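Please walk through this structure step by step, starting with the way two helices pack and ending with the sites picked out around a ligand and in a database record.

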Amino acid sequence: MKPDPNFTGLYVPLVTPFTDDLRLAPDALAQLADEALLAGASGLVALGTTAEAATLTAEEKQTVVQVCSAACRRHGAPLIVGVGTNDTATAIESLRELAARGDVTAALVPTPPYIRPGEAGTLAHFTALADHGGIPLIVYDIPYRTGQTLSADMLAALGRLPEVAGVKHATGAIDATTVELLGCAPHGFAVLGGDDVVISPLLAAGAHGGILASANLRTADYAELISLWRHGSGAPARKLGTELARFSAALFAEPNPTVIKGVLHAQGRIPSPAVRLPLLAASTSSVRRAAHLAGSRIPAAAAH
Ligand SMILES: O=C(O)C1=N[C@H](C(=O)O)C[C@H](O)C1
């Protein structure tokens with residue numbers, strides 16, 4: 001039998017800070033990692049969607065994992081690393097490399113994007129990763145990015161695989177599948193919310209925590225929201241949840257993580273709001289609006 005879910009609380013999928021000329025800014029990343037863990041995050045996620053992982057070179061990915069791992073070690077926190085590929089053999093190779101490092105707690109793995117292998121193919125994919133990857137897995141269920149939906153029965157089947165420690169639930173809805181998933185989650189299987197705007201109702205329904213890009217900002221508030229729901233404090237949780245839903249909506253007004261990077265830059269926490277193509281930097285108006293809700297004042301010159 002699996003232990004109780006190891007993954008509860010807030011996991012922050014960190015942005016990857018760049019310089020204006022789009023070079024990696026590892027010092028800024030180290031600072032963000034420390035700040036997130038000091039502000040109450042349970043752990044970090046490196047190389048998530050929010051990290052623009054698809055645009056990073058192999059060497060840059062190594063540096064990002066190294067920096068996040070060092071921060072997690074300093075704070076005694078778990079590190080989750082994103083592994084996104086639609087080729088099972090390549091995914092196994094990447095997982096084995098992560099496992100060999102010895103400092104990564106789990107891998108966050110989406111259902112194979114673009115291929116749409118069907119549920120049976122998806123189960124076969126994760127069975128192979130569980131058998132040969134050598135590291136705990138968190139299934140990333142995000143059909144609007146991958147094209148593959150998963151039923152509650154399939155999620156339960158995935159959850160019964162010995163290496164599968166949880167799911168990041170980001171289906172864009174809290175629906176019958178969600179209710180079934182939360183009601184029948186296999187023992188030791190964590191359900192972590194990944195749709196920032198609806199994290200509060202998902203926690204109310206019993207989710208164990210969240211992997212939330214929005215928590216690159218107002219980290220302590222998102223950690224508090226999770227803690228309030230997990231301790232049954234419904235009234236203050238609902239109030240904070242409503243406020244944070246408005247904030248997350250402002251952060252997701254343009255493709256993630258463009259607005260988040262704009263606000264972090266406006267706050268002086270990263271050297272540039274720059275993102276790599278095909279993303280384009282967020283508009284001034286979106287950054288201003290989100291920065292206002294983040295509680296930061298932006299000098300006119302900083303938002304562009
Ligand atoms: O990188 C992540 O992890 C997340 N990415 C999602 C997305 O960009 O779709 C949003 C979620 O908050 C976490």
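The paragraphs below take up a helix pair, the ligand surroundings and an annotated site in turn.

The model is predicted. Two packed helices are described by the angle between their axes and the distance between the axes. For helix 10 (residues 234–251) and helix 12 (residues 284–293), the axes come within 9 Å and cross at roughly 155 degrees. Angles over 145 degrees count as roughly antiparallel, and helix 10 and helix 12 are therefore roughly antiparallel to each other. The crossing of helix 10 with helix 12 is left-handed.

On the side of helix 10, the contact is made by Arg 246, Phe 247, Ala 250 and Leu 251; helix 12 contributes Arg 289, Ala 290 and Leu 293. Five of the residues in this contact are nonpolar, none is polar and two are charged.

The ligand is surrounded by residues from several parts of the sequence numbering. Pro 13, Val 45, Gly 48, Thr 49 and Thr 50 are among them, as are Gly 194, Asp 196, Ile 211, Leu 212, Ala 213 and Asn 256. This shell divides into five nonpolar residues, five polar residues and one charged residue.

The last site comes from a record. In an unreviewed entry, UniProt places the feature "active site" at Tyr 140 and Lys 168. These positions are spread over 29 residues of sequence, yet they cluster in space, with a largest C-alpha distance of 4.8 Å. Of the annotated pair, Tyr 140 lies in strand 5, which spans residues 137–141.

Definitions and conventions
Residues are numbered from 1 along each chain as its sequence is written. This is a predicted model: local features need pLDDT of at least 70, side-chain atom pairs count only at pLDDT 80 or more; totals for chains, interfaces and linings use all residues. Axes are lines fitted to C-alpha atoms, for helices over the stretch in contact, and angles run from 0 to 180 degrees between N-to-C directions. Helices (H or I, at least four residues) and strands (E, at least two) are DSSP runs, numbered from the N terminus. Angles under 35 degrees count as roughly parallel, over 145 as roughly antiparallel, 65 to 115 as roughly perpendicular and the rest as oblique. A crossing is left-handed if the near helix is turned anticlockwise from the far one by less than a right angle, and right-handed if clockwise. Two residues are in contact if their C-beta atoms, placed from the backbone, lie within 7 Å. Ala, Val, Leu, Ile, Met, Phe, Trp, Tyr, Cys and Pro count as nonpolar, Asp, Glu, Lys and Arg as charged, and the others, Gly among them, as polar. A residue is near a molecule or strand if its C-beta atom, placed from the backbone, lies within 6 Å of it. UniProt positions are given in the numbering used here, feature names are shortened, and annotations may be inferred rather than shown by experiment.
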